[in-house]
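Good morning, and thank you for coming. Please take a moment to look at the sequence and the structure on the screen before I begin.

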Amino acid sequence: MGLLARWKLARTLRRTESLLASGQGEEGLALLEQLASAHGTSVHVLLADRLTARGRLEEARRLLHAGLTREPAHWNARVSLAELEERDGNAAEAITHFRDLLTSNPEHLGLRERLARLLLAKDEAADVEEGVEPPEEHAGALEAADLLLQHRDKLDLDGLHLLGKALFAAHRTPEALDVLSAVVGEYDRQAKNAFFNGGVDPVAFEEARALHATALAEVKGDEALTEDAARRGNLAARAGVNYRLLAHGLMVRSACVAPSLSLLSPRETAVLGERILAEGGATDVARAGAGYCQLGIAALRMGDAEEALAHFTRAREADPSHFGALAGYGAALDQREHGLWRRARKLPGPEAWPGLVEVVQDWDALSPEERRVVCASVAPLRFILPQLAREGRRIRVLPLDVRPVDVPEFGELVGVRHDDDHRSYAALEGLAGHELACAKVEGLLDTREEGWTFAHEFAHLAHAALPEEDQVRLEALYTAACEAEHAFTQYQLTNPHELFAVAYTEFLCLQHGGSEHIPLDQVPEAGDLLAFLHELERRAA
């Protein structure tokens, strides 16, 4: 078509559009048919696309149907109609049109990706629309995944991202993990070379990382997340928490390695370490790692973070598989960075309240600073200690190299993960049952907002022994918290037990400092919960 012919066509299309806009539809359609006689159904598509761009969707739809009546196989008209239905929110019609198009051209990769996105969006809409169930669970995601898997080798980064999302939505999580690992790796590479390639879409990158993390936790456990970040070089080398999290991965794969399941005093622990080294540490790497770990935790518990770091470094060099070496190294970094031992010394002096020694099973092995933390942890609820003692409920402080599942009472949890967040019970730093709770010694002195593990587990133990009227009141507080969920973390809202335990540690932060976020007394929705905790504390006075 020459330049003049194009100009005439454009002018006639504008005239047709004006007629349609002014209500002269019959005259406009007649003019369009004259054009179609000369130029074919393409003129329907050209005008329909202009109308669609202006939001005049119903008029555009009429034109496309008219064009397809003249020429049912017209490719551009079919594509435009599918896109129009997608824009108008008619997912089912759009999906039908794109499926028909793909049948006509099964090798068209763009169509496959377009259809896959629509199928996923339809599933997501059905999931959130109240009272609406998908015709078959995850049917759209399953179809989307199959569409893309058939041409996986031709997909670019966006296509692979979409494939990973579809596989994950279809609950084909191991396959999704394989794809998303490659996607996140490529995003990482591009982000690190942003100066040369312009970087990556931050929204897409964040979605891919979130999907990958969820899939990785589901397939390999929550502990694998930190190991994966370490492999990608995305961990801060001086952050103690990262070493502790890496230790969690080793704890899951480890057997019981502790020379003693019971806590020893710092001095006894140091003596044990020297004996282990003397009995074969020079030639046996496992014994060397265990011996230096004992020396490291003894130094840590006595407040010497630098000596502890030196011992844990030697333990890591001797036996990289010993989880205690990593856990202790991370705890020593935290103690040095945050002055945890000095913070503990500022707490009120320890008091042997009635029932305390019977409930805190390892009281005699604790250092003076550790006893201060333990007393601060139980003080607001100390009125319940005699009852806990009578009922035989106990809380233990576990040595550095003892996992919760090494304790006979929790032995049945070996190899088991927590349902909600995929954490392995072997790698928890604290755990509570109905009659026994435990917390790891390397985190005992941590009284920051993210610390107070001993207090958290003690709160669980105490909660089970609260009078029935307190239990009923706490249930009501939990219901109210769920209705104001924006004011609480999802972990707090897991159940009334976690709401109480987390609120209790935040209550301790109010009393002793350490709140880095919004303190409990500045959250209006937590007012009744705070009043309940104050009431419990008054019973101890």
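I shall go from the chain as a whole to salt bridges, then to a pair of helices, and finally to some individual residues.

Please keep in mind that this is a predicted model. The chain has 541 residues, and 50% of them count as buried. Its secondary structure consists of 26 helices and 3 strands. How do the contacts spread along the sequence? Among contacts between residues at least 6 apart in sequence, 65% join residues at least 24 apart.

Let me turn to charged side chains. In general, side chains of opposite charge can pair when their charged atoms come close. How many salt bridges are found in the whole structure? The search finds 28 salt bridges.

One of them is formed by Asp 88 and Arg 61, with 2.9 Å from N to O. Asp 88 sits in the loop between helix H5 (75–87) and helix H6 (91–104), and Arg 61 sits in helix H4 (residues 57–70), so that this pair links distant parts of the chain, 27 residues apart. The two partners differ in burial: Asp 88 is partly exposed, with a relative accessible area of 35%, whereas Arg 61 counts as buried at 10% relative accessibility. This pair also belongs to a network of salt bridges that links Glu 58, Arg 61, Glu 85 and Asp 88.

A second salt bridge joins Arg 99 to Glu 143, and here the closest N and O atoms are 2.6 Å apart. Arg 99 belongs to helix H6 and Glu 143 to helix H8 (residues 139–149), so the pair ties together parts that are 44 residues apart in sequence. Arg 99 is partly exposed, with a relative accessible area of 34%. Glu 143 is partly exposed as well, at 26%.

A third example is the salt bridge between the side chains of Lys 440 and Glu 442, at 2.8 Å from N to O. Is Lys 440 buried or exposed? Lys 440 counts as buried, because its relative accessibility is 4%. Glu 442 also counts as buried, at 14%.

Now compare a charged residue that has no such partner. Asp 362 is buried yet has no salt bridge. Which side chain of opposite charge is nearest to Asp 362? That side chain belongs to Arg 396, and it is 4.1 Å away. A salt bridge requires a nitrogen within 4 Å of a carboxyl oxygen, so a pair at a greater distance is not counted. As for its surroundings, Asp 362 lies in the loop between helix H20 (356–359) and helix H21 (368–378). Not counting residues up to four places away in sequence, Asp 362 touches Leu 263, Arg 396 and Val 397.

Next, I come to helix packing. Two packed helices are described by the angle between their axes and the distance between the axes. The axes of helix H25 (residues 496–512) and helix H26 (residues 527–540) come within 10 Å and cross at roughly 75°. H25 and H26 are therefore roughly perpendicular to each other. On the H25 side, the residues in contact include Leu 499, Phe 500, Tyr 504 and Phe 507. On the H26 side, they include Leu 529, Phe 532, His 534 and Glu 537. What classes of residue make up this contact? There are 11 nonpolar, 2 polar and 1 charged residues.

Let us move to the backbone. Two residues deserve a look for their phi angles. His 171 has a phi near 65°, a positive value in a residue other than glycine. His 171 is placed in the loop between helix H9 (157–169) and helix H10 (173–192). With 56% relative accessibility, His 171 counts as exposed. Trp 452 is not a glycine either, and its phi is positive at about 55°. The loop that holds Trp 452 runs between strand E3 (436–440) and helix H23 (453–463). Trp 452 counts as buried, because its relative accessibility is 2%.

Strand E3 also contains Ala 439. Ala 439 counts as buried at 2% relative accessibility. Leaving aside neighbours within four places in sequence, Ala 439 is in contact with several residues, among them Arg 396, Val 397, Glu 429 and Phe 454. The C-alpha atoms of Ala 439 and Pro 404 are separated by 8.1 Å, although the two residues are 35 apart along the chain.

My last residue is Arg 314, in helix H17 (residues 305–318). Arg 314 counts as partly exposed, at 45% relative accessibility. Its C-alpha atom is separated by 8.5 Å from that of Ala 325, which is 11 residues away along the chain.

That concludes my presentation. Thank you for your attention.

Conventions. Residues numbered from 1 in each chain as written. Predicted model: local features only at pLDDT ≥ 70, side-chain atom pairs only at ≥ 80, totals over all residues. Heavy atoms only, no water. Helix = DSSP H or I, 4+ residues; strand = E, 2+ residues; numbered from the N terminus. Buried < 20%, exposed > 50% of the residue type's maximum accessible area, 1.4 Å probe, protein only. Lys, Arg positive; Asp, Glu negative; His and termini not counted. Contact = heavy atoms within 4.5 Å. Axes fitted to C-alpha atoms, helices over the stretch in contact; angles between N-to-C directions. Parallel < 35°, antiparallel > 145°, perpendicular 65-115°, else oblique. Nonpolar A, V, L, I, M, F, W, Y, C, P; charged D, E, K, R; others polar.
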